[in-house]
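This briefing covers salt bridges, one helix, one sheet and the enclosed cavities. The points are grouped by topic.

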Amino acid sequence: MGGLIDWGDDGRARPEFAVGAREALLATTTRGQLARTVSILGELPAAGAHGVALRAALRDPAGAGLPGASAGAWQRSELAVMRALSGPYAERARRIEADLEPVADPVGVSRPTADASRDEAPVRASSAYTDSVTSRSSGDSTEARPGMNTTPPLEPGASALLVNVPLRNTSFVGRTALLRAVEEQLAEQDTAAVLPHALYGLGGVGKSQLALEYVYTHQRDYKVICWIPAERDSLILAALAGLAARLGVAEQDGAGTPTANTAVPAVLEALRSGEPYDDWLLVFDNAEDVEGVRRYFPTNGPGKVIVTSRNRAWERVATPLPVDVFERKESIELLQRRSPDLSDEDADRLAEALGDLPLAVEQAGAWRAVTGMLVGEYLELLARRSPEILELEPAPDYPVSVAAAWDISLERIQEKNPGARQLLDICASMAPEPIPRSMLRGSRGINITPEVDPLLRESIKMNRAIRDLNQFSLIRVDPRADTLQMHRLLQTVLLAKLDQEKRERMRDAAHQLLSAAKPGPFGSSLEWRAYQELLPHVLTSQAVTSTDTYVRDLVFDTVWFLYYWGDQQGAADFAQQAWNTWHEASGEEDYHVIRMTKSLGFLLRQNGRVPESIPLTEKALEISRRIENDSEELIDSLCEMADARVYQGRSEEARTLTEEATKLARTLFGPDDPITLRATHAWGIDLRLCGRFRQALPLDRDNARQRERLFGPASFFTLNSLNALTIDMRESGDYCNARDFQEDVHRRARNAFGEEHPLTLRIACNLAVCRRRDGALEEAGRLSEETLRRFVSRYGPYHFDSLATAANLAVDLRLAGDLEGSRRLAETTVRGFEQRLGVDHVHTLLTKANLAATLRVLGDLDAARELEDEAARRMADTLGPRHVVTLTTAMGQSNTAYMRLDFGRAYEIDESNLALLAEAAGEEHPLTLSCTANLALDLRGLGRGAEADEKQRRAVEGFGRVVRPDNPWLLAARLRRRIECDLAPLPL
C-alpha cells in the first residue's frame, strides 16, 4: 500500500494507517465536506457507539466526552478529524492528544503530547466512550462509572460563570436609567425571598436586550449567570438541565446530557442552598406564563431572578420595571453608530418616522449601513410601505414602523438573493429560538424549493445567504453555538405576508429540513442535546400536521426522547397531540397511527392515567390482528396489551398474551432476535406476577444469556434481564445466591449507567429486598431509604417505582423497630396505590398485608385482622386462592389469631396453608418452612408438644439447608418465635 498502512510488527495485528497518513488524506477536502462525510459515516450501523459519540463531538466539541484509549483507532481518527476541522475543534484535538499514549514515529522517537487544560474537560470513564443507550442498539456498553462534572471555585472579583447567555449586542446604546433601575431594584431585594423584576412592554422595545446588557455589565457582581428561554416548559427544563451539568450537581450518563427529572430538582436545590455557588442570577426570557415559570424559581436562595415578559400579570408577583421606546438621543446614537456620516438632523428625522422603536431603529440603521441610501429616499420608501401593512388582514398587532422598515430590507433581499429571502419564510415557520446551522448543512439530499435547493447543495451559497440576512439585521448569527435566530416580530410580519397556500408550503419545507436533521437513537444521552435544539422548532412548526413518513418518524422519536430525557408529562402531551392529528388525517389503520396509539397508551399508564390507556391499547391490538400486514407490530401490540392488563391487575390475561407473542416471535424471527427477546422478557414478567417463578427462571436465564451475547454484558437490556433473573431466584427461595447475584448486577449497573439511572434504581430496589430476605436488615433499610429518595427526586412520591420502593421501606422500618414510621409510610403507600392502580390491584393488597403486620406488632390486633382479612378476600378473588401472595397473606392472618391466643384458628389456617405452599413454592422454600415453624407453635399452644417438636425440627433442619446460619427466620424457628413473612411488589 505504498507505506499508507501499518500492518503491525508480526503481520497479524489489525491494520492501521501509518503515522501521518490520515492527516494527509483529510487535507484533500474542505472542512464543510469533511464534517458532512464524518457525520454520514457516524450514522452507519457499523460505527455503533463510536459513531454516535463522534457525531456528538461534531455538534459540541467542548462538551462531548473524549474518546479513551480503548477506542483504539477511533481515538486517532477523531484526533485527525478535529485537527482538520480546526477552529472550535482545535482545542478538542489538543485535549485528545494529551490523552494519547506516546506513539513512536517512523524513526523510533516518541512524539511529545501537548498539555490540555483539565478545568473544562468533562470527567470521563475509562472506556472508549461513555454512553447510555436505552433504545435498541448493538454493541457493548461501557462498564466504567460515569462521573459528575466538577466546577472549580471562582476567584474573588472574577467574571461570573455564564451559562446559555447569548452573545452581547455590540450595538446596544443608552438605557442608562433603566440599567440603573434594574441594579437598584435588585440591590434592594431581600435575597431570602427571591422575586423577579419583570421587564414588560410591547414587542421590539428591547426588553431582552436590556436584560442581556445588564448581565454583561454586572457579570463580576455574580458567580453564576444563567439565561433561560422561558416561552415553553421544555425550554426551561433544557436550560436548567444544562446549568445542572455545568455546576456538576447532576449525574450524567457519561458524556451525554443529564435527564431533566433529576437535573432540574438537583440544580434548583443547589441554587436554594448556595452550593456550589451563591450570588447567582437567573434570567427568564419571554416568560408569558406567570405561574408556570414561577415553579422554577429557587425559593429562598442566595441569588436574584430577572424576568422579561409582555404579560402585565407579573406586576402582581414582581417588582415591575416598564420598558418603553428609545429616548430620541438613544435612537440618534444607534443610527450614527451604524452610519457615522449621518447628521443629527437626518438621524432625528429617521427616528421620528420609526417612532423610536428600538427594533425599527436597528433595522433602519442596518439598511443604511449596507446601502448608503439617502435619508429622504428611505423615508419615502417607508411612507409607501406603511399603508400596505395597515391593509393586511387581520390587522397587525405589531408596530407598523418596524414592519415597514423590514419590508424595505426584504424587498432588497428578494432582488439580490431570492433563495435567502425564501429561507427567511421557512425559518419564520419555526420557533423564535436558535436554529442550528447544521440543520441546513445536513439537508443536501432533499428538495425544498428551486430557490432554496442551491443553498442546501453548496455551502458557499448558504454562507452567502446567511451573511446577507445578517448584514440587514434580519437574523442574528451566533458563531459560538453555530446558530441563527430570527426575532419573533419578524416571524409574525413574514407569516402575515404569506397567503394560506404559500404558508403551508413554507411550513412543509421547514418540516423537511427538520426531518433531515433527525438525531440518532432517542435513548442515547449523547443525542439529547440535538433533540433539545430541534424540539422548539418541531413544536412551533406543527410537525404533527405533516403526513410525510419521515416527518412522522421525527415526531415519534421526539415523543420518546422526551420520555427518556425525563419529561414524561411532556411526552404524553405531545403523543396525545400527534395521535389526535394523525388519527383524523390518516385513519386508525395507518402504520404511524397504530404506533402512536400504543405509545400514547404506554405514556398515559406511566403518568398514572391507566383507565384512559386501556381503550387505546385494546384498539391497537384489535387493528394489528385484523390487518395482518406486519407481524412485528402484532407482537409489539400483544406485549403492550399485556402491559396494560398488568396495570389493571389482570396478570393471567397478560401471561396468555405474552406467551402468544413469544411463540409467534420465535416462529417468525428465531429465538435470538431482539423482538423475540423483548417478548420473552415480557412473558417472564407476567409469569412472576402469576406466581410462577420456577417457570420464569429458565426463561429469564436463557434470555439474559442471549441478550448478553447480542448486546454485551453491561447493556440496558442485559442488566434488565439479569434483574428479572434475580427476582426469579429470590422468589423461588434461593435467598443467598439471589443476594450475591444481585450485588454483582447492581455493581455493573452503577458502573454502566451511574447511581441515578432508572434501571440502576430498580436494580437497587430489588437488591434491598434480596438483602432483607438474606438477613442483612440494616443494609437493606439503608439502600431502600436511599433508593426511595432518588426515585422521589426523579419522579415524585406517587410514581409506581416510588410507591413500590416505599412499600419495601415500610417493611424495613418495621424490622428496624421504627413501628410508627413504618405505619405512616405504609398507610401513605396504600393510598397511593389505590389512587394509581385501584383497590383490587395486587400491589395495593400486599401493601395492606404488610401494614397489618406492623399494626400487629403495635398491638392493634383488631385493625390488623380487619385489614388483612379484606386483603385476603380480595386476593382470593383477583389472584386466586392458591397464589403464593394469597398464601403468604394467610400466614399473617394466622399470626394475628395466634397473638389473640386463638391457637385453634391459627392452627386451622397454617395446617391448610402448609400443603398449598409446598405445592406452589416447594417443600424447602423458606415460606413453606416458615409456615412449618409457625405451625409448630400452634401445636404447642394446643398442648400437642410432641407434634410441635417434630414440626420445629423439620423447619430448623430445612432452614439450615437453604439460608445462612444467621438468617432471622432460622433463628426465630430455633427460639420458638413466630415468623413474620413480608411481601415485595414485583416490577410491572
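Is E731 buried or exposed? In this predicted model, E731 counts as buried, because its relative accessibility of 14% is under the 20% cut-off. E731 takes part in salt bridges with R730 and with R773, and its name comes up again among the residues closest to the centre of the largest cavity.

**Salt bridges around E731**

- The count of salt bridges in the model comes to 86.
- One of them joins the side chains of R730 and E731, with an N to O distance of 2.9 Å.
- R730 has a relative accessible area of 3%, so this residue is buried.
- A salt bridge also links R773 to E731, here at 3.3 Å from N to O.
- Because R773 belongs to helix 33 (residues 758-773) and E731 to helix 31 (residues 716-731), this pair ties together parts that are 42 residues apart in sequence.
- Both R773 and E731 are buried.

**Other salt bridges**

- R823 and E827 form a salt bridge in which the closest N and O atoms are 3.0 Å apart.
- These two residues are four apart in helix 36 (residues 819-837), so about one helical turn separates R823 from E827.
- E827 counts as partly exposed because its relative accessibility is 26%, and R823 counts as partly exposed at 21%.
- Elsewhere, one network made of salt bridges with shared partners takes in K598, R605, E633, D636, E640, D643 and R678.

**Helix 41**

- Helix 41 (residues 926-941) has 16 residues, which at 1.5 Å a residue should span 22 Å.
- The end C-alpha atoms of helix 41 are 23 Å apart, which agrees with the expected span.
- Of the 16 residues in helix 41, 14 are buried, so the rest of the structure largely encloses this helix.
- G943, just after helix 41, has a positive phi of about 80°.

**An open sheet of three strands**

- Strands 9, 11 and 10 form an open antiparallel sheet, in the order 9-11-10.
- Strand 9 (435-436) and strand 10 (476-478) are the edge strands, each pairing on one side only.
- Strand 10 and strand 11 (residues 483-485) run antiparallel and are joined by three bridges.
- Across this pairing, V477 is opposite L484 of strand 11.

**Cavities**

- How many cavities of 30 Å³ or more does a search of the whole structure find? The search finds five.
- The largest cavity holds about 230 Å³ of space.
- Its lining has 21 residues, of which F693, E731, V885, L983 and A984 are the closest to the centre.
- Helix 29 (674-689), helix 37 (842-858) and helix 39 (884-899) each give at least two residues to the lining of the largest cavity.
- That lining consists of 13 nonpolar, four polar and four charged residues.
- The second largest cavity has about 110 Å³ of space.
- Of the 15 residues lining the second largest cavity, A849, R856, T888, G892 and C981 lie nearest its centre.
- Helix 37 and helix 39 are the elements that supply two or more residues to this second lining.
- Helix 39 has the largest share of the lining of the second largest cavity, with five residues.
- By class, the lining of the second largest cavity has six nonpolar, five polar and four charged residues.

Methods. Residues numbered from 1 in each chain as written. Predicted model: local features only at pLDDT ≥ 70, side-chain atom pairs only at ≥ 80, totals over all residues. Heavy atoms only, no water. Salt bridge = Lys/Arg side-chain N within 4 Å of Asp/Glu carboxyl O. Buried < 20%, exposed > 50% of the residue type's maximum accessible area, 1.4 Å probe, protein only. Expected span 1.5 Å × (residues − 1). Pairing = 2+ DSSP bridges. 1 Å grid on protein atoms, 1.4 Å probe; cavity = no way out; pocket = protein on both sides within 12 Å on 5 of 7 lines; lining within 4 Å. Points joined across faces, edges and corners; volume = space filled by probe spheres on them. Nonpolar A, V, L, I, M, F, W, Y, C, P; charged D, E, K, R; others polar.
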